[in-house]
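Subject: Structure for you to look at

Hello,

Here is the structure I said I would pass on. Please open it beside this email and follow along; my notes come after it.

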Amino acid sequence: MAENMSKYKLIYFNARGRAEHIRFIFAYAGIEYEDVRVSKETWSTMRHTVPFGMLPVLEMDDVVLGQSNAIARYLARQYGLVGKDEIEALQCDFMVDTLGDLKQVLWEYRSEVDPMKKEEKKATTIKETIPFYMNKFEKIIAQNGGYAVGESITWADFAFAVSLENFELIFGKDSLETYPNLKSLKEKVFSLPRIQTWLKMRPVTDF
């Protein structure tokens, strides 16, 4: 647990996107921060001022950090959300990075503009890629008694929960019915009191 409290400012667009698991960490840990949401108009003028021209960015004291998972890992270490030891911390990284592989495939499918190529990617994504990853995640979570890593909440659970929320929005509310452990993990995270408070107060966005 962090002893010296920094003043945090999280800068991202008005969206859940790549920042929502970071917001979940703040909410769960009960840490105050400034949730800055950048408009498209503002972004065009401020893009050159942030590391590598990308969001989210975390400002704390005199430090400016980019990369969503680097930010999340740092905060998770500060607030006791990386598991009970170094092996579980590594497993958190493994699970989140592997989840990122699946999200990249989904992004490539959804962003394809050529109709024929998109249909091809859709077939492969739905019939092969999604089941490949989701079934493996399902098995791991079952082995861990309902958690992504270990036997207690870690930042990996937050990364999965927000991604599964988006998964349901893309593929339908019943899309997790064949993955009961993943569905249960999402519901478990969303039922945490401080997460519930955040869900009630966060801005409503499309993604």
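A salt bridge here is a side-chain nitrogen of Lys or Arg within 4 Å of a carboxyl oxygen of Asp or Glu. Please also keep in mind that this is a predicted model.

Start with the overall division. The chain falls into domain 1, made of 8–80 + 194–201, and domain 2, which covers 86–191. Their C-alpha centres are 21 Å apart.

The UniProt record, an unreviewed entry, has its own labels. It places "domain: GST N-terminal" at residues 6–83. That span is 36% helix and 26% strand, with 22 Å between its end C-alpha atoms. The record then puts "domain: GST C-terminal" at residues 85–207 (again an unreviewed entry). Residues 85–207 are 75% helix and 0% strand, and the end C-alpha atoms of this span lie 34 Å apart.

Next, the place where the two domains meet. The size of an interface is often given as the accessible area lost when the parts come together. Between domain 1 and domain 2 the buried area is about 1,200 Å², and carbon and sulfur atoms give 66% of that. On the domain 1 side, the residues that lose the most area to domain 2 are Arg16, Phe24 and Arg73, which together account for 40% of what that side buries. Counted by contacts, 13 residues of domain 1 touch 14 residues of domain 2.

How many salt bridges are there between domain 1 and domain 2? The count is 3. In one salt bridge of the structure, the side chain of arginine 16 meets that of glutamate 165, at 3.7 Å from N to O. Residue pairs in polar contact between the two domains, with both residues at pLDDT 80 or more, also number 3.

Which elements give two or more residues to the side of domain 1 that touches domain 2? They are helix 1 (20–29), helix 3 (68–78) and helix 8 (193–201). Helix 1 gives the most, with 5 residues. Sorted by class, this side of domain 1 has 7 nonpolar, 3 polar and 3 charged residues.

Now the structure as a whole, where a search finds 14 salt bridges. One of the salt bridges joins the side chains of lysine 9 and glutamate 59, at 3.9 Å from N to O. Lysine 9 is in strand 1 (residues 8–13) and glutamate 59 is in strand 3 (residues 57–60), so this pair ties together parts that are 50 residues apart in sequence. As background, side chains of opposite charge can pair when their charged atoms come close.

Two points about the backbone are left. Leucine 55 and proline 56 are joined by a cis peptide bond, with omega about 10°. Proline 56 sits in the loop between helix 2 (40–46) and strand 3. Aspartate 61 is not a glycine, yet it has a positive phi of about 55°. Aspartate 61 is found in the loop between strand 3 and strand 4 (63–66).

Regards

Key: Residues numbered from 1 in each chain as written. Predicted model: local features only at pLDDT ≥ 70, side-chain atom pairs only at ≥ 80, totals over all residues. Heavy atoms only, no water. Domains from an automatic or database assignment. Contact = heavy atoms within 4.5 Å. Buried area = accessible area lost by both parts, 1.4 Å probe. Polar contact = N/O pair within 3.5 Å; in protein donor to acceptor, adjacent residues only side chain to side chain. Helix = DSSP H or I, 4+ residues; strand = E, 2+ residues; numbered from the N terminus. Nonpolar A, V, L, I, M, F, W, Y, C, P; charged D, E, K, R; others polar. UniProt positions renumbered as here; feature names shortened; annotations may be inferred.
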